[in-house]
Amino acid sequence: MQGLGGVHGKTKQKSDLLNILQIKKLCKNRMRLIKTLSVFVFTFTLLSGLPFIDVTNFRAYFQIRRTAGLHNNLAKFYQVWNDSITSGTNDHRKARKVVLWTQFFGKPYEIKRLTCPSLKSCIFTTDRKQVKDADAVVFHFWDTPKVYNRSFMPRIRLPHQYWIWYAKESPENNRYVDLISYSGIYNWTMTYRNDSDVPGPPGSLYKSYNLLKKGRIKENSTEKKGTVVWFVSKCYKFFHRHIYAKELSKHIKIDVFGGCGRRVCSRTNGTCMSATIQQYKFYLAFESYRCKEYITEKFWHNALVNGVVPIVIGPPKSDYEKFTPPNSFIHVDDFESPESLARYIKMLDKNDDLYNRFFIWRTNPPKAIPKIPGQWCVLCEKLFNTSPTENKVYTDLERWWKGENYEFCQPLVLKENIFDGLNLVHYD
Ligand SMILES: *[C@@H]1O[C@H](CO)[C@@H](O)[C@H](O)[C@H]1NC(C)=O
Ligand SMILES: *[C@@H]1O[C@H](CO)[C@@H](O)[C@H](O)[C@H]1NC(C)=O
Ligand SMILES: *[C@@H]1O[C@H](CO)[C@@H](O)[C@H](O)[C@H]1NC(C)=O
Ligand SMILES: *[C@@H]1O[C@H](CO)[C@@H](O)[C@H](O)[C@H]1NC(C)=O
Ligand SMILES: *[C@@H]1O[C@H](CO)[C@@H](O)[C@H](O)[C@H]1NC(C)=O
Ligand SMILES: *[C@@H]1O[C@H](CO)[C@@H](O)[C@H](O)[C@H]1NC(C)=O
């Protein structure tokens, strides 16, 4: 076994380590302050019994921990090594077989929907019996046992077979699962995060400019019926987004639809939702959880495709800047308080030139847009392109996913069950 950090040389590792130690120290002090402030704010919130936040503390409260991402470079969460004996195949004419071992959110996969040109050379099946000659086996996180259970997994594990951990949601969505019990089980990860072995973000520059070319992105307009709109159906009142939105709504009118607001569309009618959103200038693309790189359909589909400017709560601004079109959004972290954000929105609402600047990206594509194929294509291609001697295993999936010090997600105030019908917020 060659072990840790196959990507970096030893000297690079050392200097990285020094840098990280220094940065860590700085961050620690800052984190202590932020933590103290958060604890103060939440104690206050709990005592007052209402999702009330001292607005002067919004900035500290919403700051995500800046250490995110640094530790991953050391790759200490997995091991990569080469075997001298080849058990897999190099044959590019032979199709690769992928068995989907679990269901997908409690339902069978719709294999028909996995399409892309390169997939012709991969066979996808839900037939568990075929695991005996599969090149890869996919386990959808949500549909696996909460604690590792050997008898849930395939009985026989072929040495060249990749066991793939597939997650669609953020670490916070699935925080009750004991990932430590899954240490040393999975070979590859397949998530929305870019540092996954098989990355698959729900949107990208590549996809956005393609949709634009095909005319599938709604034209921008300053002639709209309303200003701020939001569709939201998970109403746990301690979500960061609700704490923020409640305060924001004191300073600007927000039309809230869905389970936490007025019901104008049936849950399944996407056309109705799109048509409604398009009548506004701004959409609150507020993620339920603030996690590293967790930018979902709320941003890409609900806001961007509908020709509406996303106002975002989610990962740090730098993550949005890395992955989304330049100057296409408004991040709440740029404002001292919801009140100052409200003032900014009102100003843009009156100034068509400034508002339209959020759409300049459409006619100014960056010079090089990295091609990002669909996630199943990436998987198929990787099965062909990975050397059959190469092995990998996630020895610490828990920390790879959540951060070495659990810094990848900003914690919520949690009650036993956040969907138990208590602690819900509603907007009129
Ligand atoms: C394993 O071998 C392949 C092919 O020779 C090489 O590309 C890769 O970098 C090697 N990986 C490690 C961890 O040494
Ligand atoms: C482990 O999984 C098997 C098969 O799915 C199941 O019958 C068994 O009850 C599980 N054991 C535990 C402890 O959950
Ligand atoms: C995503 O990861 C790839 C491969 O490591 C890297 O080349 C690319 O720059 C990353 N993309 C972004 C937007 O950071
Ligand atoms: C969806 O909503 C639109 C109105 O926006 C309506 O015309 C259409 O009939 C609805 N479709 C269904 C299936 O309910
Ligand atoms: C849409 O935005 C672009 C880029 O700023 C602007 O040139 C154009 O006039 C806008 N279209 C409308 C209809 O306002
Ligand atoms: C996958 O992980 C297992 C368990 O650690 C390991 O024995 C095997 O060599 C790995 N296989 C590949 C192809 O990486």
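**A colleague's note on two sheets, two cores and two ligand sites**

1. Let's start with the fold as a whole. Of the contacts in the protein chain with a separation of 6 or more, 81% are between residues 24 or more positions apart. Please keep in mind that this is a predicted model. The protein chain has 428 residues, and 34% of them are buried. Its secondary structure consists of 11 helices and 12 strands.

2. A good place to look next is the open sheet with the strand order β3-β2-β4-β5-β6, where 5 strands pair in parallel. Its edges are β3 (122–125) and β6 (188–190); each has a single partner strand, so one side of each is left without a neighbour in the sheet. From one strand to the next, the twist averages 25 degrees.

3. You can follow the pairing at one end of this sheet in detail. β5 (residues 162–166) runs parallel to β6, and 3 bridges link the two strands. One residue to find here is Y166, whose bridge partner in β6 is M190. Helix α10 (residues 375–385) packs on the sheet and touches β2 (96–100), β3, β4 (136–140) and β6. The direction of α10 makes about 135 degrees with that of β2.

4. Another open sheet, again of 5 strands with parallel pairing, has the order β8-β7-β9-β10-β11. Here β8 and β11 (330–331) are the edge strands, and each pairs on one side only. Helix α5 packs on this sheet, touching β7, β8 and β9, and its direction makes about 150 degrees with that of β7.

5. What joins β7 to β8? The two strands run parallel and are held in register by 4 bridges. Within this pairing, W230 stands opposite V256 in β8, and F231 stands opposite F257 in β8. Are the faces of β8 covered or open? Both are covered: I254 and V256 are buried on one side, and D255 and F257 are buried on the other. As background, the side chains of a regular strand alternate between the two faces of the sheet.

6. Now for the interior. The largest nonpolar core has 50 residues, and the members that touch the most others are Y283, L284, I311 and V312. Elements supplying at least two residues each include β7 (226–231), β8 (254–257), α5 (270–277), α6 (297–304) and α8 (338–350). The biggest contribution is that of β9, with 6 residues. A second, separate core has 33 residues, among them V137, I164, A167 and Y182. In soluble globular proteins, nonpolar side chains tend to be buried together.

7. Y283 deserves a closer look. Leaving aside residues up to four places away in sequence, Y283 touches V229, W230, I277, N302, A303, V308, P310 and I311.

8. Helix α4 (residues 240–248) is mostly covered, with 7 of its 9 residues buried. Which residues of α4 are buried? They are H240, R241, H242, I243, Y244, A245 and L248.

9. Finally, two ligand sites are worth a visit. Around ligand 2 you will find P145, N149, S151 and F152; by class, this shell has 2 nonpolar, 2 polar and no charged residues. Around ligand 4 are S266, N269, T271, C272 and A275. The shell of ligand 4 divides into 2 nonpolar and 3 polar residues, with no charged ones.

Definitions and conventions
Residues numbered from 1 in each chain as written. Chains lettered and ligands numbered in written order. Predicted model: local features only at pLDDT ≥ 70, side-chain atom pairs only at ≥ 80, totals over all residues. Buried ≥ 20, exposed ≤ 12 C-beta atoms within 10 Å, placed from the backbone. Near = placed C-beta within 6 Å. Nonpolar A, V, L, I, M, F, W, Y, C, P; charged D, E, K, R; others polar. Core = buried A, V, L, I, M, F, W, Y, C linked by C-beta atoms within 7 Å. Contact = placed C-beta atoms within 7 Å. Pairing = 2+ DSSP bridges. Axes fitted to C-alpha atoms, helices over the stretch in contact; angles between N-to-C directions.
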